[in-house]
Amino acid sequence: MEIQVFEQEGIFQLNTEHTTYLMGLADGKYLGHLYYGRRMQDHEGRYLLRAKDSAQEVYKRYRDKINFMDSFHFEYPVSGTGDFRDPGLRVRDEGGYRVCELHYAGYEILDGKPALKGMPATFAGKQVGQAAKTLVIVLRDEVLKLKIELRYSIFEDNDAIIRSVVAVNEGEKKLYLERILSACMDMDNDGFDRISLHGCWARERHIQAVKLGQGRHVIGSVRGESSHYVHPFLALTTAGTSQKMGEVYAMNFIYSGNFLAEAELDHRDSVRMSMGLHPDGFEWVLAPGERFETPEAVLVYSAAGLGPMTRTFHSLYRNHLIRSKYLHKKRPILINNWEATYFDFDDDKLVAIAEQAKKLGIEMLVMDDGWFGKRDGDECALGDWTVNENKIRCGLKALVERVNALGLKFGIWFEPEMVSPDSDLYRAHPDWAIQAPGRELTMGRHQYVLDLTRQEVVDYVYESVASVIRSANIEYVKWDMNRQLTDLGSFGLDAEHMGEFSHRYVLGVYQLQERLLQEFPDLLLENCSGGGGRFDAGMLYYSPQIWTSDDMDPIERLSIQEGTELMYPLSTMGAHVCVCPNHSVGRVTPMETRAYVALAGTFGYELDITKLTEEEKEKAIGFNQLYHRYNDLVREGEYYRIASYRENGMYDCWQVVSQDRTESLVTYVQVRFETDQNSRRLKLDGLDPKTRYRLEGTQEVYSGEMLMNAGFLQEMIFGDYGSRLLHFVAENR
Ligand code: DGJ
């Protein structure tokens with residue numbers, strides 16, 4: 001890892017282990033993007049500024065600045081002075097002008113990695129070899145008196161580059177930031193395809209790859225959360241990119257609210273790739289002396305396909321983002337009562353589930369929605385975080401003690417950001433719900449959203465949640481969020497500051513979770529949003545695991561988990577064995593397949609285990625043993641995608657290899673059975689070619705070389721939805 005600045009030549013070079021990022025100054029003042037790709041020692045890339053190209057020649061000779069501004073590959077583009085592509089920054093002054101031009105004003109190299117105030121941020125790792133360095137490039141608009149700091153952090157042990165932007169008002173007049181993205185990158189098009197993730201409730205993060213055409217291709221969320229529908233991830237890939245081949249330029253956003261990701265291909269065949277806060281409805285007032293920090297965007301380049309990109313993200317998030325002490329620990333196998341009982345439960349029912357759970361080897365009971373206020377359905381009581389003594393008749397403390405006495409931990413569900421119209425909280429503080437004056441409040445799942453831009457609301461919510469956790473031995477919290485934000489605005493903000501609302505809301509959520517972790521450092525937190533509506537890198541800073549989707553059907557989960565694993569480690573994916581037929585799609589699948597797919601994440605159950613047959617109970621005991629046998633490998637190993645059901649329509653396969661390459665677990669799911677088919681070759685990956693691996697439970701031994709080049713022969717399984725777990729263990733090492 002090195003950051004070098006060649007002042008004479010006006011070149012900035014960032015080198016990670018396998019990549020190089022080059023920037024350069026044109027005319028000593030415009031900061032341009034020169035190169036991002038395979039690592040190079042050479043920095044002499046000035047010619048890439050294209051000073052001889054016609055646009056720039058024209059600029060010099062005829063003062064046709066527009067031609068230059070509209071073609072130059074800017075490192076951080078602005079609006080108003082001739083660059084008509086979508087900018088990184090749009091700023092308005094008090095006179096209403098949206099004109100800006102940033103000139104280079106200096107740089108600084110910092111040891112380490114600055115944190116962000118009140119927001120998730122990557123950090124230098126704690127182990128030797130995980131240090132970080134940061135390059136800060138300062139740009140200024142002398143008319144606006146606006147200073148922009150572009151931050152680039154790199155790590156000793158990772159190829160990602162972390163970017164964020166700081167704006168400082170150095171003048172005496174207010175400035176209005178209408179758009180301030182975290183990263184932009186101008187490149188030549190290389191026949192790019194565009195990969196993004198799309199879906200909806202119970203169908204989150206399906207991978208979509210399409211040809212990048214001319215124009216602006218914008219994905220984003222304005223729902224107040226990163227959302228089920230589209231994900232803060234964007235990759236541009238060269239034609240034919242696969243897991244092992246092709247160039248990949250990827251961006252992921254460490255943020256949990258409104259975002260924009262964009263690829264704009266222009267008439268010169270230049271691409272501008274951008275990531276940041278969504279500008280719709282956004283406006284941040286920068287008073288004299290004030291500063292604004294953007295969230296972080298992660299950039300990853302891979303010269304060898306999507307596989308290395310994925311593993312770079314995984315290692316970045318494991319070593320430089322997730323703080324939880326549970327990150328490297330086996331999480332307790334949990335049973336969640338939601339799909340077992342929905343709202344229809346009481347203390348005795350929960351204890352009966354816990355008793356059965358104990359016999360099967362389950363380690364924690366999670367009491368889901370319905371334990372508080374008068375909540376017997378989803379129409380009421382959110383905000384009233386006191387135990388419902390008609391259901392939990394013995395009281396919460398006694399219930400937790402009963403469950404603990406059985407040898408199980410106890411976890412609880414909250415939806416802290418919400419309030420039901422039919423709740424004591426709403427009756428006492430109707431103005432705490434987000435609303436626009438004079439309008440009917442827009443209802444979502446019978447509930448409103450609390451205005452977390454107001455500190456008194458944040459404080460109240462915190463106390464009401466924390467006092468429940470203090471009252472009993474609660475070791476796990478599921479933090480849910482079940483609707484999107486509407487009627488945006490706050491009684492706590494004046495008209496001039498109303499554009500800050502959406503970002504301030506997210507800062508309120510972050511503050512709540514930070515306080516929770518400070519007061520309860522041993523708490524295992526799992527974020528959730530109606531399934532996977534807020535599965536994002538921002539939340540991973542607070543919780544080491546996130547509920548991936550309400551759809552636990554193993555076949556639906558294949559595409560959901562494939563998209564999630566594209567950048568998030570397996571150890572972060574909440575995954576449970578569901579009831580059959582599945583409640584979301586009605587599909588009937590073997591219990592093994594439900595379990596094997598769930599074993600790819602944090603493992604648990606979400607069905608009424610008191611109703612299992614004896615045979616199913618025996619199976620569950622076996623699955624729990626498998627979890628204990630394989631979870632260290634799944635959690636800490638390197639992930640490889642071997643085959644995708646989304647692509648082939650027939651089967652799915654992924655593999656995890658231990659860091660020392662002495663063992664590997666392959667999960668194979670045959671979605672469809674067909675007659676007269678040969679066995680399938682699964683070409684494995686990541687093994688040591690010279691090591692011989694024995695397939696557990698058999699006498700079959702294969703060299704790593706053979707498994708990776710010729711492949712393992714997987715026989716057809718009779719019937720649909722069959723699956724296998726294949727565990728290979730090194731023999732001769
Ligand atoms: C949505 C979550 O994703 C579910 O797991 C469950 O907790 C329900 N909310 C409860 O309302």
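Student: Let's start with Cys-394: buried or exposed, or something in between?
Tutor: Cys-394 is partly exposed, with a relative accessible area of 31%. Keep in mind that this is a predicted model.

Student: Sure. And how accessible is Cys-100?
Tutor: Cys-100 is buried, and its relative accessible area is 1%.

Student: How many disulfides does the structure hold?
Tutor: Zero. Cys-100, for instance, is in no disulfide. The nearest cysteine sulfur belongs to Cys-184 and is 13 Å away, whereas a disulfide needs the two sulfur atoms within 2.5 Å.

Student: Okay, new topic: helix H6. Which of its residues are buried?
Tutor: H6 spans residues 396-405, and Leu-396, Leu-399, Val-400 and Val-403 are buried there.

Student: Where do those sit around the axis?
Tutor: They are on the same side of H6, because they cover an arc of only 95 degrees around the axis. In general, an α-helix has 3.6 residues a turn, so residues three or four places apart point the same way.

Student: Nice. What do the buried residues of H6 pack against?
Tutor: Two helices and two strands: helix H5 (347-360), helix H8 (455-470), strand E22 (364-367) and strand E23 (409-414).

Student: And what comes just after H6?
Tutor: Gly-407 is there, and it takes a positive phi of about 100 degrees.

Student: Switching to rings. How many aromatic pairs are there?
Tutor: The count comes to 42 aromatic pairs. One of them joins Phe-12 and Tyr-107, edge-to-face, at 6.0 Å centre to centre with 80 degrees between the planes.

Student: Which parts does that pair tie together?
Tutor: Phe-12 lies in strand E2 (residues 11-15) and Tyr-107 in strand E6 (residues 103-111), so the pair links parts that are 95 residues apart in sequence. Phe-12 counts as buried at 2% relative accessibility, while Tyr-107 is partly exposed at 29%.

Student: What about Trp-432 and Tyr-460, how are their rings arranged?
Tutor: Their centres are 5.2 Å apart and their planes are at 65 degrees, so this pair is edge-to-face. Trp-432 lies in the loop between helix H7 (424-428) and strand E25 (448-449), and Tyr-460 is in helix H8, so the pair ties together parts 28 residues apart in sequence. Trp-432 is buried at 7% relative accessible area; Tyr-460 is partly exposed at 34%.

Student: Last one: which charged residues lie over rings?
Tutor: Among them are two arginines. Arg-223 lies over the face of Tyr-229, 3.6 Å from the ring centre. The charged end of Arg-557 sits over the ring of Trp-547, at 5.0 Å from its centre.

Methods: Residues are numbered from 1 along each chain as its sequence is written. This is a predicted model: local features need pLDDT of at least 70, side-chain atom pairs count only at pLDDT 80 or more; totals for chains, interfaces and linings use all residues. Side-chain values use heavy atoms; hydrogens and water are left out. Buried means under 20% relative accessible area, exposed over 50%, partly exposed in between (1.4 Å probe, protein chains only). Helices (H or I, at least four residues) and strands (E, at least two) are DSSP runs, numbered from the N terminus. The arc is that of the directions from the helix axis to the C-beta atoms. Contact means heavy atoms within 4.5 Å. Rings of Phe, Tyr and Trp (its six-membered ring) pair if their centres lie within 6.5 Å; planes under 30 degrees apart count as stacked, over 60 as edge-to-face and the rest as tilted. A charge sits over a ring if NZ of Lys or CZ of Arg is within 6 Å of the ring centre and within 35 degrees of the ring normal.
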